[in-house]
Amino acid sequence: MADDVGELIERLALWRTGDGGYDEVSLRERAIVALQERGPEVVPVLVDRLDALLADHAAHLERVAAVTAVWDAWYEEGDALVDEHGVGKVFELERYRTVPSDSLPQREPRDEHYQDPYDLKQGLVEALRRIGDDRAAPVYGRALRDRACIHYAATALRGTHLDGAVPALLDAAASIEPDDMAFPEVLRTLEHYGATTAQVRARFEAESGPQARVSLMHVMRKLPGDGSGRPADEEIADALVFLAMSRSATDRYGALRELKTLGTLDALPGDAADAHGSWDAAPGGAVMEAPPPAEAIHAAIVLAAHGDPPGHDGELRRRLRHMAEDAPAAARAVTAVLAREPRAPDAELELALRLALRLHPDRVAEHLPLLRALHGLTSYPPGRAGALRALRRDGMLFVLMLHEDPVLREEARAVFEDVAEPADRERFAEYEALRMGTWGRLVRRFRRH
């Protein structure tokens, strides 16, 4: 009997059918029918197997998270040291590190090649639901912590009763995105258990994770009621700005769409376009892939400079560094902070100046206001050191000093004369000789033709 049940359990992972047409029954379906025929005695066996799989997956995630946390701290420290000591000294930074590179942990082999048995976990939940034994209710609550099982567990909970189901369901809702296929099932089950806006509001206020706050806001919007106690839209604006800096095009698009709906992005000073012009201007399907507009990047700089979102500001800074390197609108966002009058708070200036070091030199020519803002900060004590570091870095002024536009060229040379030290003049002479040499002449001839 035990061997037979064990074989049937393994078949619960096989939900696909072959090529026999729509009427073909999967091995999972046949296994569930066979387990139903065996009666309630199989329920403890199924619960124990599901619990073991849930615990194993949770332990895997915990081990991976511990390793990832150390690597994240190492990268964060490395980025800060590069900003402080210069990009050209990457290999000299080890002596400054508090997290030595040779001490970085590696994933265990079992985690490196781990494969989540999500098919089997989902099959076990579905089998228990179909058998319909209330003894399975507690394991449904535990399964809500496993992202792969949320849809099945939330559905199963509507056929039984579990004390404490609402907090478990709210945790599940917070762990997924509103467009996840499991989200409607969680919402239906919350309604089934009579969840109130006050309960969701309490969970929302205790949550600092940006994605979780957005998801919980969506729960409150969709729960029946008169709307009293629901947060104002502005209460998730910070979370949406964080998500808008995601490297995932899907996450970025969804967050920008909601920010646009809320109308919380203000056009930057001197910008002729509306607050979303650079995003809306993307053609057709390119909107999904478009980088965030300068207004969103500017909002993210202000947010991260003041330590927000709480507990996630370090990650937001990492995302901003990627935006500075990759997003064309980043220079305009940085300029908006540096050129603000009255002066931006020191924390915002410091972050914007660090990001200025990462802007791609080839794009600087499009942003004469950035050059002027940096030059203006050289006479402002809190920003002087950072502005000089940005102006003197390789590529910033040099590109503009040899630019074809005479206005750009002359203004860049005037700034250079004001801030350059002897070593800077030597580096520029070498750079100019290289650009104006044989290779430079060939490049210019190619461009003319």
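A cavity, as the word is used here, is a set of grid points where a 1.4 Å probe fits but cannot get out. The exercises below concern a predicted model.

**Exercise 1. How many cavities of 30 Å³ or more are there, and which residues line the second largest one?**

Step 1. The count comes to two cavities of 30 Å³ or more, and the second largest of them holds about 30 Å³ of space.

Step 2. The residues lining this second largest cavity are L391, R392, R393, L397, F398, F416, D424 and R427.

Step 3. Sorted by class, that lining consists of four nonpolar and four charged residues, with no polar ones.

Step 4. At least two lining residues come from each of helix 22 (381-392), helix 23 (396-401) and helix 25 (422-436).

**Exercise 2. Describe the secondary structure of the chain and the share of its residues that is buried.**

Step 1. The chain has 26 helices and zero strands.

Step 2. Of its 449 residues, 45% are buried, and here a residue counts as buried when its relative accessible area is under 20%.

Step 3. Among contacts with a separation of 6 or more, 66% are between residues 24 or more positions apart.

**Exercise 3. Which residues of helix 7 are buried, and why do they lie on the same side?**

Step 1. Helix 7 runs over residues 150-157, and its buried residues are I150, A153, A154, A156 and L157.

Step 2. These residues cover an arc of only 160° around the axis, and therefore they sit on the same side of helix 7.

Step 3. A general point helps here: an α-helix has 3.6 residues a turn, so residues three or four places apart point the same way.

Step 4. The cover over the buried residues of helix 7 includes helix 5 (118-131), helix 6 (137-143), helix 8 (165-174) and helix 9 (183-192).

**Exercise 4. Are R142 and S175 buried or partly exposed, and what does each one touch?**

Step 1. R142, which lies in helix 6, has 29% relative accessibility and therefore counts as partly exposed.

Step 2. Leaving aside residues up to four places away in sequence, R142 touches V47, D51 and L54; the C-alpha atoms of R142 and L54 are separated by 7.9 Å, although the two are 88 residues apart along the chain.

Step 3. S175, found in the loop between helix 8 and helix 9, has 34% relative accessibility, so S175 counts as partly exposed.

Step 4. With residues up to four places away in sequence again left out, S175 touches R147 and I150, and I150 is one of the buried residues of helix 7.

Step 5. The C-alpha atoms of S175 and L216, 41 residues apart along the chain, are separated by 9.5 Å.

**Exercise 5. Which residues have the most contacts inside the largest nonpolar core, and what does L338 touch?**

Step 1. The largest nonpolar core has 124 residues, and those with the most contacts inside it are I297, L320 and L338.

Step 2. Not counting residues up to four places away in sequence, L338 touches R343, L349, A352, L353, L370, A373, L374 and L377.

**Exercise 6. Where do P309 and P342 lie, and what is the omega of the peptide bond that leads into each?**

Step 1. P309 is in the loop between helix 16 (294-305) and helix 17 (313-326), and the bond from D308 to P309 is cis, with omega near -10°.

Step 2. P342 is in the loop between helix 18 (330-338) and helix 19 (346-356), where a cis bond with omega about -5° joins E341 and P342.

Step 3. As background, most peptide bonds are trans.

Notes:
Residues are numbered from 1 along each chain as its sequence is written. This is a predicted model: local features need pLDDT of at least 70, side-chain atom pairs count only at pLDDT 80 or more; totals for chains, interfaces and linings use all residues. Side-chain values use heavy atoms; hydrogens and water are left out. Buried means under 20% relative accessible area, exposed over 50%, partly exposed in between (1.4 Å probe, protein chains only). Helices (H or I, at least four residues) and strands (E, at least two) are DSSP runs, numbered from the N terminus. The arc is that of the directions from the helix axis to the C-beta atoms. Contact means heavy atoms within 4.5 Å. A nonpolar core is a set of buried Ala, Val, Leu, Ile, Met, Phe, Trp, Tyr and Cys residues joined through side-chain atoms within 4.5 Å. On a 1 Å grid over the protein atoms alone, a cavity is a set of points where a 1.4 Å probe fits but cannot get out, and a pocket is an open set with protein on both sides within 12 Å along at least five of seven lines; lining residues have an atom within 4 Å of a point. Grid points are joined across faces, edges and corners, and a volume is the space filled by probe spheres set on the points. Ala, Val, Leu, Ile, Met, Phe, Trp, Tyr, Cys and Pro count as nonpolar, Asp, Glu, Lys and Arg as charged, and the others, Gly among them, as polar.
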